2 protein chains.
Amino acid sequence: MSNAISPTRQENYPEWYQEVVKAAELAEHSPTRGSMVIKPWGYALWELMQKGLDGLIKETGHENVAMPTLLPLEFFEKEAEHVEGFAKETMVMTHYRLKLDDKGALIPDPESALEKPYVLRPTSELMFGHMYSKWVQSYRDLPILLNQWGSVFRWEMRTRLFLRTAEFIWQEGHTAHATEQEACDETSLMHQTYNTFLRDFLAVASIPGYKTPDELFPGAIHTLTLESMMQDKKALQAATSHYLGQNFAKASDIQFLDQNGDRQYAHTTSWGASTRMVGGLIMSHSDDDGLVLPPRVAPSQVVILPIYRKDEEREQVLAAANDLVKQLKASNAFGESVRVKIDDRDLRGGEKSWQAIKKGVPVRIEIGPRDLAKNQVCLARRDKGPKEKEFLAIDAAVTAIPAILEEMQANLLAASEARLEANTQFIEDLDSFKAFFENDGGFAVAYWSEAAIDHPILSELKVTPRCIPLEGQTEEEHTCIFSGEKTSTKVVFAKSY
Amino acid sequence: MSNAISPTRQENYPEWYQEVVKAAELAEHSPTRGSMVIKPWGYALWELMQKGLDGLIKETGHENVAMPTLLPLEFFEKEAEHVEGFAKETMVMTHYRLKLDDKGALIPDPESALEKPYVLRPTSELMFGHMYSKWVQSYRDLPILLNQWGSVFRWEMRTRLFLRTAEFIWQEGHTAHATEQEACDETSLMHQTYNTFLRDFLAVASIPGYKTPDELFPGAIHTLTLESMMQDKKALQAATSHYLGQNFAKASDIQFLDQNGDRQYAHTTSWGASTRMVGGLIMSHSDDDGLVLPPRVAPSQVVILPIYRKDEEREQVLAAANDLVKQLKASNAFGESVRVKIDDRDLRGGEKSWQAIKKGVPVRIEIGPRDLAKNQVCLARRDKGPKEKEFLAIDAAVTAIPAILEEMQANLLAASEARLEANTQFIEDLDSFKAFFENDGGFAVAYWSEAAIDHPILSELKVTPRCIPLEGQTEEEHTCIFSGEKTSTKVVFAKSY
């Protein structure tokens, strides 16, 4: 039997990804270089993800704000590592007016050139820092726990829908604390919060850990990351949380009087997650028939496909469909009303069913006159074959659906966990490391020391250190497989997005 | 008794406005020219407004999408009126990299100058149009009913928090239809939807009408507007809905095959409402003690102020406060769980109470040990004097609060309606028109013909035509008070924000 998506994952994973995005109508390229248009189904998915993550961010005591998109360019002169990290991809706004030139073409009016241009924010540490320096006077003003949702801009040379785009939507949290301990606790708390979100909402398992020094956020003291494994066994960095020490507080002059009346610099953190997670979600769960959505974030968890030929059938079938919608909306999955839609478009039933499959709708319900005569519906699940169907009494279907949705969600997480476990391997020497990545690959765990940074084998294999996992570290002394130096640190390596 | 806000409305309305915004901690100026920082209380208010309006937009069949913030500059060459309307305030992104110059200063890298710069969207008709031209082939693809939430950018010379800023957050709906009738119906539907939102959520009354030709959106055939009256009797344009005819479809080449197989240009609409509405809300309801919030969009509808001296009192009082929170959350105002917070900060009770007043929290509840002994609480309302209080049994308070919130909401709308009615006057000649605006002013309704556009009296009085109201027009022939020409059209005039 042929599949809805061509090529298949096996045939060509990167192209399969593009085709899934297209077939599910999630997003497409825009006329603006490197930027995408997120289409209704993709944006509805993002809205549910955003709502879920926003809820967790607020539950942990944070409040949302909106800071300007444009940052004064001179801000970037304040933190050397930070500007080095971002200067190469920073978009700059230099003019504030258009005019027609001699040839009648529209150009930026040279007379509107700004003496001090603005940068389209690639991240907002320096803007939050500037405001915090005004808001913070004493230890009583701390901690400040703020977050913002918005677009950020990075001029990327090679872009892929959701995974890497010149503009993307994210949330960025920025907090300031009186002590290092508090700031580190915050960094960990948000790291755990992201893990909760990935597991409970997106059904994605990850390895939580610290970034190695060569992979730190520019200006950070330490960066916590979640590294998820896609179906091609490559890693996707799903979210990061940074302890910035006093670096940014010094750059932005965030000082406070402590309880002894001494002047101190605050300790700050930042943490972010973006539309990139949509890419991770797609590559974690989807199959050769298209998108597979964790039911908890599926814009429609159930689609009802009414079947009829004659007008009188239509009326009867639609009445039953509407009644079913009401009953399902009154039922509850994941603590919320079930999201259900009727697809009453004038298209062939098979066509509509395949569209629902490609879009990853978890449950399809067909209702026709013959079903109604038997007081039953025909139920199909996205996690079964496209032709597999089950007939259920209407009441039984209403009762079964919330449980089916929750079961599908749990199965997806279990599959993600199983994949991560099955394809993570402890590697004892450089030859095995090479062989591992020249064959099937996955996540390789190996002893590593800082002397291994920039070891040529890594760029040769296109492998990077993904993280120093939080779990499984001991004090035992071993040998770095790259440098031969003594170390007790294990690092996860992988090819990555 | 002195007021919390100085100056008062009477003394200096514009300064009073700034002080209310500041005292309520809604927003403040940012280091980016003309842009603001929306602070937690202001952003929580905006989130509730956004949620309410987004719900209405979805209920009327629209879906959300995300289009790029940056528009190719050449798009603006497509629609002459449109570019004329926006060219003077358009911000332009011209470079994509930073570098250090000879003197060690950070500058846009000249080598990264774009041949084709991008414009930071001042509005997105041309981007949606570009995508629609790809998505629309046949009448079956119509209508397209999309909306987006995001920031837009207009280089404004004189800015005021919320009312006019260089960057602001809004929603912009863009739809394409097969016929003029359908597009006009859509324009009206969204106009009505905005009016529903303003009335039901923001408790703001408006005059709905058409813009006069001199006040049209650049490129529109007609523009529908809602003109609200602030407490200083000036008008605020709260939201607009535009029928764009085939102008933008021609500019963007949105063509479709109709049912007869003929090629046609689509008819498009656009409609938007922004953070400006926050300014309108503030100026509609607030008083000399600070912000007054319609309870339906108040981030906290109730604040509980626990009062205690000793530790054992603290425990007892906080237990009671938490219990009250639970009971209130289980109760329901405006179809939602009541939003309630405990303010347990280490501040004097009077200070906390005044902060709640200045922030516009609708209901304050004080609980102390003496109240608990009597099983009562002390309730104060934002719409009564700051010292007015009422003692209520705890159960009675829980029952009363939802009704109080809904009553306050209704009273605010009634006051807004009454103000609009009391200060809208029919004016029969130019001398009375002049006298009206030289005295107290308000909304003046007068007969008007197109020949009156640019009449010097208008700029002299700083008055503009706000709209041709939908209601109250007849076919009767009268005389334009400005030009003496025959007309049957009545227009509302006012000073405006």
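**Strand pairing between and within chains**

In strand 5 of chain B, Val92(B) serves as the bridge partner of His95(A). In this predicted model, the pair belongs to a junction in which strand 5 of chain A (residues 92-95) and strand 5 of chain B (residues 92-95) run antiparallel and are joined by three bridges. The junction lies within an open sheet of six strands, arranged in the order 4(A)-8(A)-5(A)-5(B)-8(B)-4(B) with antiparallel pairing. The edges of this sheet are occupied by strand 4 (70-72) of chain A and strand 4 (70-72) of chain B, each of which has a single partner strand, so that one side of each is left without a neighbour in the sheet. From one strand to the next, the twist of this six-stranded sheet averages 45°.

A further open sheet, of five strands, is found in chain A, where the order is 20-17-21-22-23 and the pairing is mixed. Strand 20 (340-342) and strand 23 (390-393) of chain A form the edges of this sheet, each pairing on one side only, and the twist averages 30° from one strand to the next. Within the same order, strand 17 (residues 302-306) and strand 21 (residues 363-367) of chain A run parallel and are connected by five bridges; Val303(A), for instance, has Arg364(A) in strand 21 of chain A as its bridge partner. Helix 9 (residues 349-358) of chain A packs on the sheet and touches both strand 17 and strand 21 of chain A, the direction of the helix making about 175° with that of strand 17 of chain A.

Conventions: Residues numbered from 1 in each chain as written. Chains lettered and ligands numbered in written order. Predicted model: local features only at pLDDT ≥ 70, side-chain atom pairs only at ≥ 80, totals over all residues. Heavy atoms only, no water. Pairing = 2+ DSSP bridges. Helix = DSSP H or I, 4+ residues; strand = E, 2+ residues; numbered from the N terminus. Axes fitted to C-alpha atoms, helices over the stretch in contact; angles between N-to-C directions. Contact = heavy atoms within 4.5 Å.
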